[in-house]
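Reader: Before accepting the labels attached to a model, I should like to see the grounds for each of them. Please take me through the reasoning.

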Amino acid sequence: MLGFQSYWDAAYADELANFREHGHTGEIWFGGDVMENVVSWTKGLCMDICKGHLPNHVADADSEPVGRREKDMSSWSVLDIGTGNGLLLQELAKQGFSDLTGTDYSEGAVDLARSLADRDGFTNVKFLVDDILETKLDKSWSELLHYFIHNAVWSFQDYVLGLCFQACRSWWIIVITSCNNTKDELVEEVETLNQRRNAACQEPGLTGGQEASVDPPPFRYLDHVRTYPTFTFGGSVGSRVATVAS
(Lines give C-alpha, C1' and ligand atoms only; values in the text may rest on other atoms or scores of the structure.)
Protein backbone atom coordinates (compact mmCIF):
# COMPACT_ATOMS: atom_id res chain seq x y z
CA MET A 1 0.00 0.00 0.00
CA LEU A 2 2.74 2.48 0.95
CA GLY A 3 4.22 2.20 -2.53
CA PHE A 4 1.11 3.58 -4.27
CA GLN A 5 0.59 7.28 -4.79
CA SER A 6 -3.14 6.79 -4.28
CA TYR A 7 -2.42 5.77 -0.66
CA TRP A 8 -0.52 8.99 0.03
CA ASP A 9 -3.05 11.16 -1.80
CA ALA A 10 -5.80 9.76 0.44
CA ALA A 11 -3.67 10.04 3.60
CA TYR A 12 -2.76 13.68 2.96
CA ALA A 13 -6.33 14.56 1.98
CA ASP A 14 -7.33 13.42 5.48
CA GLU A 15 -4.46 15.30 7.13
CA LEU A 16 -5.25 18.47 5.18
CA ALA A 17 -8.90 18.24 6.26
CA ASN A 18 -7.78 17.77 9.90
CA PHE A 19 -5.53 20.80 9.62
CA ARG A 20 -8.31 22.98 8.23
CA GLU A 21 -10.80 21.83 10.86
CA HIS A 22 -8.62 21.47 13.95
CA GLY A 23 -5.17 22.92 13.12
CA HIS A 24 -3.46 19.54 13.42
CA THR A 25 0.01 19.35 11.84
CA GLY A 26 -0.22 15.67 10.94
CA GLU A 27 2.23 12.85 11.52
CA ILE A 28 5.96 13.40 12.05
CA TRP A 29 7.75 10.47 10.44
CA PHE A 30 9.83 8.53 12.98
CA GLY A 31 8.72 11.00 15.67
CA GLY A 32 9.77 14.44 16.85
CA ASP A 33 12.87 13.19 18.69
CA VAL A 34 14.30 11.64 15.53
CA MET A 35 13.57 14.79 13.53
CA GLU A 36 15.34 16.95 16.12
CA ASN A 37 18.31 14.57 16.09
CA VAL A 38 18.56 14.69 12.30
CA VAL A 39 18.36 18.48 12.20
CA SER A 40 20.96 19.16 14.91
CA TRP A 41 23.31 16.50 13.49
CA THR A 42 22.91 17.89 9.96
CA LYS A 43 23.77 21.38 11.13
CA GLY A 44 26.85 20.06 12.91
CA LEU A 45 27.94 18.14 9.82
CA CYS A 46 27.55 21.21 7.61
CA MET A 47 29.48 23.35 10.08
CA ASP A 48 32.32 20.82 10.13
CA ILE A 49 32.44 20.83 6.34
CA CYS A 50 32.50 24.63 6.26
CA LYS A 51 35.54 24.49 8.55
CA GLY A 52 37.26 22.01 6.25
CA HIS A 53 36.59 18.98 8.47
CA LEU A 54 34.94 16.57 6.04
CA PRO A 55 34.46 13.19 7.77
CA ASN A 56 36.02 10.18 5.99
CA HIS A 57 37.11 12.43 3.13
CA VAL A 58 39.60 11.01 0.64
CA ALA A 59 40.95 13.74 -1.63
CA ASP A 60 41.17 13.19 -5.37
CA ALA A 61 42.12 15.30 -8.34
CA ASP A 62 38.55 16.25 -9.17
CA SER A 63 37.44 17.09 -5.63
CA GLU A 64 36.41 20.63 -4.80
CA PRO A 65 38.71 21.89 -2.02
CA VAL A 66 36.73 21.68 1.19
CA GLY A 67 38.08 25.04 2.37
CA ARG A 68 36.17 26.80 -0.42
CA ARG A 69 32.79 25.63 0.80
CA GLU A 70 30.17 28.02 2.11
CA LYS A 71 30.74 29.67 5.45
CA ASP A 72 27.28 29.56 7.05
CA MET A 73 23.99 27.69 6.99
CA SER A 74 22.18 30.31 4.90
CA SER A 75 24.29 29.52 1.84
CA TRP A 76 23.47 25.81 1.72
CA SER A 77 20.75 24.73 -0.70
CA VAL A 78 18.58 22.03 0.85
CA LEU A 79 16.19 19.73 -0.99
CA ASP A 80 13.86 17.57 1.11
CA ILE A 81 12.50 14.76 -1.07
CA GLY A 82 9.21 13.25 0.03
CA THR A 83 8.69 16.27 2.27
CA GLY A 84 5.22 15.32 3.51
CA ASN A 85 3.99 18.06 5.84
CA GLY A 86 7.31 19.93 5.52
CA LEU A 87 8.03 20.12 9.26
CA LEU A 88 11.63 18.95 8.77
CA LEU A 89 12.30 22.07 6.68
CA GLN A 90 10.73 24.27 9.33
CA GLU A 91 13.15 22.84 11.89
CA LEU A 92 16.09 23.40 9.53
CA ALA A 93 14.96 27.01 9.04
CA LYS A 94 15.13 27.49 12.82
CA GLN A 95 18.77 26.39 12.66
CA GLY A 96 19.71 29.05 10.11
CA PHE A 97 19.15 27.28 6.79
CA SER A 98 17.27 29.57 4.41
CA ASP A 99 17.45 28.12 0.86
CA LEU A 100 14.94 25.34 1.53
CA THR A 101 12.82 23.39 -0.95
CA GLY A 102 10.54 20.42 -0.29
CA THR A 103 9.11 18.15 -2.96
CA ASP A 104 6.49 15.45 -2.86
CA TYR A 105 4.60 13.62 -5.58
CA SER A 106 1.38 13.99 -3.61
CA GLU A 107 -0.31 17.33 -4.25
CA GLY A 108 -2.13 17.00 -0.93
CA ALA A 109 1.18 16.78 0.93
CA VAL A 110 2.43 19.94 -0.76
CA ASP A 111 -0.83 21.77 0.02
CA LEU A 112 -0.51 20.75 3.68
CA ALA A 113 3.18 21.74 3.85
CA ARG A 114 2.47 25.16 2.35
CA SER A 115 -0.46 25.73 4.73
CA LEU A 116 1.63 24.83 7.78
CA ALA A 117 4.58 26.96 6.63
CA ASP A 118 2.30 29.96 6.08
CA ARG A 119 0.67 29.50 9.48
CA ASP A 120 3.98 29.14 11.29
CA GLY A 121 5.71 32.05 9.52
CA PHE A 122 8.10 30.11 7.27
CA THR A 123 7.04 31.78 4.05
CA ASN A 124 10.55 31.52 2.56
CA VAL A 125 10.36 27.71 2.35
CA LYS A 126 9.39 26.51 -1.14
CA PHE A 127 7.24 23.44 -1.81
CA LEU A 128 6.78 21.80 -5.20
CA VAL A 129 4.84 18.82 -6.56
CA ASP A 130 7.51 16.58 -8.14
CA ASP A 131 8.31 12.90 -8.57
CA ILE A 132 12.07 12.61 -8.16
CA LEU A 133 12.24 9.60 -10.49
CA GLU A 134 10.74 11.75 -13.25
CA THR A 135 11.87 15.06 -11.85
CA LYS A 136 11.45 18.40 -13.57
CA LEU A 137 13.82 20.15 -11.16
CA ASP A 138 16.67 21.97 -12.85
CA LYS A 139 18.51 23.53 -9.91
CA SER A 140 21.79 22.34 -8.41
CA TRP A 141 21.72 21.36 -4.76
CA SER A 142 24.51 21.37 -2.21
CA GLU A 143 22.63 19.18 0.23
CA LEU A 144 19.90 16.62 -0.30
CA LEU A 145 17.81 15.45 2.61
CA HIS A 146 16.08 12.23 1.74
CA TYR A 147 13.65 11.25 4.48
CA PHE A 148 11.71 8.04 3.85
CA ILE A 149 10.73 4.56 5.00
CA HIS A 150 13.29 2.29 3.43
CA ASN A 151 11.89 -0.27 0.95
CA ALA A 152 8.31 0.82 1.65
CA VAL A 153 8.11 3.07 -1.39
CA TRP A 154 11.04 2.30 -3.69
CA SER A 155 14.31 0.45 -3.51
CA PHE A 156 17.18 2.57 -2.23
CA GLN A 157 19.23 2.21 -5.40
CA ASP A 158 16.52 3.23 -7.84
CA TYR A 159 15.47 6.18 -5.72
CA VAL A 160 18.99 7.51 -5.29
CA LEU A 161 19.87 6.95 -8.95
CA GLY A 162 17.03 9.29 -9.87
CA LEU A 163 18.21 11.68 -7.19
CA CYS A 164 21.86 11.64 -8.23
CA PHE A 165 21.57 11.95 -11.98
CA GLN A 166 18.49 14.15 -12.26
CA ALA A 167 18.48 16.50 -9.26
CA CYS A 168 22.18 17.05 -8.63
CA ARG A 169 24.65 18.95 -10.73
CA SER A 170 27.19 20.04 -8.12
CA TRP A 171 29.03 19.08 -4.93
CA TRP A 172 26.43 17.78 -2.52
CA ILE A 173 25.52 15.58 0.43
CA ILE A 174 22.69 13.09 0.70
CA VAL A 175 21.20 12.30 4.10
CA ILE A 176 19.15 9.09 4.37
CA THR A 177 16.98 8.09 7.31
CA SER A 178 15.64 4.53 7.43
CA CYS A 179 13.64 2.43 9.87
CA ASN A 180 14.15 -0.80 7.90
CA ASN A 181 17.93 -0.87 7.59
CA THR A 182 20.94 -0.55 9.87
CA LYS A 183 23.71 1.96 9.34
CA ASP A 184 26.00 -0.78 7.98
CA GLU A 185 23.33 -1.96 5.53
CA LEU A 186 22.84 1.58 4.23
CA VAL A 187 26.60 2.04 3.79
CA GLU A 188 26.76 -1.31 1.96
CA GLU A 189 24.00 -0.21 -0.41
CA VAL A 190 25.84 3.04 -1.08
CA GLU A 191 28.84 0.95 -2.20
CA THR A 192 26.57 -1.27 -4.31
CA LEU A 193 25.22 1.85 -6.00
CA ASN A 194 28.77 2.99 -6.77
CA GLN A 195 29.50 -0.37 -8.38
CA ARG A 196 26.33 -0.25 -10.45
CA ARG A 197 27.13 3.26 -11.64
CA ASN A 198 30.69 2.32 -12.65
CA ALA A 199 29.39 -0.71 -14.55
CA ALA A 200 26.81 1.44 -16.36
CA CYS A 201 29.47 3.99 -17.31
CA GLN A 202 31.78 1.46 -18.97
CA GLU A 203 32.15 2.41 -22.61
CA PRO A 204 31.06 -0.34 -25.01
CA GLY A 205 33.26 -1.49 -27.87
CA LEU A 206 36.66 -0.79 -26.33
CA THR A 207 39.53 -2.69 -27.93
CA GLY A 208 42.44 -4.37 -26.16
CA GLY A 209 44.63 -1.30 -25.68
CA GLN A 210 41.85 0.98 -24.53
CA GLU A 211 40.70 1.46 -20.98
CA ALA A 212 37.35 2.78 -19.84
CA SER A 213 37.54 5.96 -17.80
CA VAL A 214 36.11 5.53 -14.32
CA ASP A 215 34.87 8.63 -12.53
CA PRO A 216 35.30 8.97 -8.77
CA PRO A 217 32.40 7.30 -6.92
CA PRO A 218 29.43 9.67 -6.52
CA PHE A 219 28.83 8.47 -2.96
CA ARG A 220 31.28 8.26 -0.07
CA TYR A 221 30.17 7.45 3.46
CA LEU A 222 30.68 10.57 5.56
CA ASP A 223 29.02 10.06 8.92
CA HIS A 224 25.96 8.75 10.72
CA VAL A 225 23.79 9.81 13.66
CA ARG A 226 25.17 8.28 16.85
CA THR A 227 22.70 9.68 19.37
CA TYR A 228 19.61 7.54 18.75
CA PRO A 229 18.48 5.39 21.71
CA THR A 230 19.73 1.81 21.38
CA PHE A 231 18.46 -1.60 22.44
CA THR A 232 19.96 -5.09 22.58
CA PHE A 233 18.40 -8.14 20.94
CA GLY A 234 20.04 -11.52 20.43
CA GLY A 235 23.38 -10.14 21.54
CA SER A 236 23.35 -7.34 18.94
CA VAL A 237 22.96 -3.64 19.69
CA GLY A 238 20.89 -1.45 17.40
CA SER A 239 18.38 1.39 17.14
CA ARG A 240 14.96 1.61 15.54
CA VAL A 241 16.14 4.10 12.92
CA ALA A 242 19.44 4.86 11.17
CA THR A 243 20.61 8.05 9.49
CA VAL A 244 23.62 8.11 7.16
CA ALA A 245 25.28 10.91 5.17
CA SER A 246 27.14 10.26 1.92
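Author: The exchange below sets values against definitions. This is a predicted model, in which local features need pLDDT of at least 70 and side-chain atom pairs count only at pLDDT 80 or more, whereas totals for chains, interfaces and linings use all residues. Residues are numbered from 1 along each chain as its sequence is written, and side-chain values use heavy atoms, with hydrogens and water left out.

Reader: How do you know that the span of helix α4 agrees with its number of residues?

Author: Helices are DSSP runs of H or I with at least four residues, and strands are runs of E with at least two, numbered from the N terminus. The expected span of a helix is 1.5 Å times one less than its number of residues. For the 14 residues of α4, 107-120, that gives 20 Å, and the end C-alpha atoms are 20 Å apart, so the two agree. After α4 comes G121, with a positive phi near 85°.

Reader: Why is C46 not called part of a disulfide with C50?

Author: A disulfide requires a pair of cysteine sulfur atoms within 2.5 Å. The cysteine sulfur closest to that of C46 is in C50, at 6.6 Å, which is too far for a bond. The structure holds zero disulfides.

Reader: What makes C46 and C50 count as buried?

Author: Buried means under 20% relative accessible area, exposed over 50%, and partly exposed in between, with a 1.4 Å probe and protein chains only. C46 has 0% and is therefore buried; C50, at 9%, is buried as well.

Reader: Why is the pair of Y7 and W8 called edge-to-face?

Author: Rings of Phe, Tyr and Trp (its six-membered ring) pair if their centres lie within 6.5 Å; planes under 30 degrees apart count as stacked, over 60 as edge-to-face and the rest as tilted. The structure holds two aromatic pairs. In the pair of Y7 and W8, the centres are 5.0 Å apart and the planes stand at 90°, so the pair is edge-to-face. Y7 is partly exposed at 31%, while W8 is buried at 11%.

Reader: What makes the contact of D99 and K126 a salt bridge?

Author: The term demands a side-chain nitrogen of Lys or Arg within 4 Å of a carboxyl oxygen of Asp or Glu. For D99 and K126 the N to O distance is 3.6 Å, and the pair meets in a salt bridge. This pair links distant parts of the chain, with D99 in strand β2 and K126 in strand β3, 27 residues apart. D99 counts as buried at 18%, whereas K126 is partly exposed at 37%.
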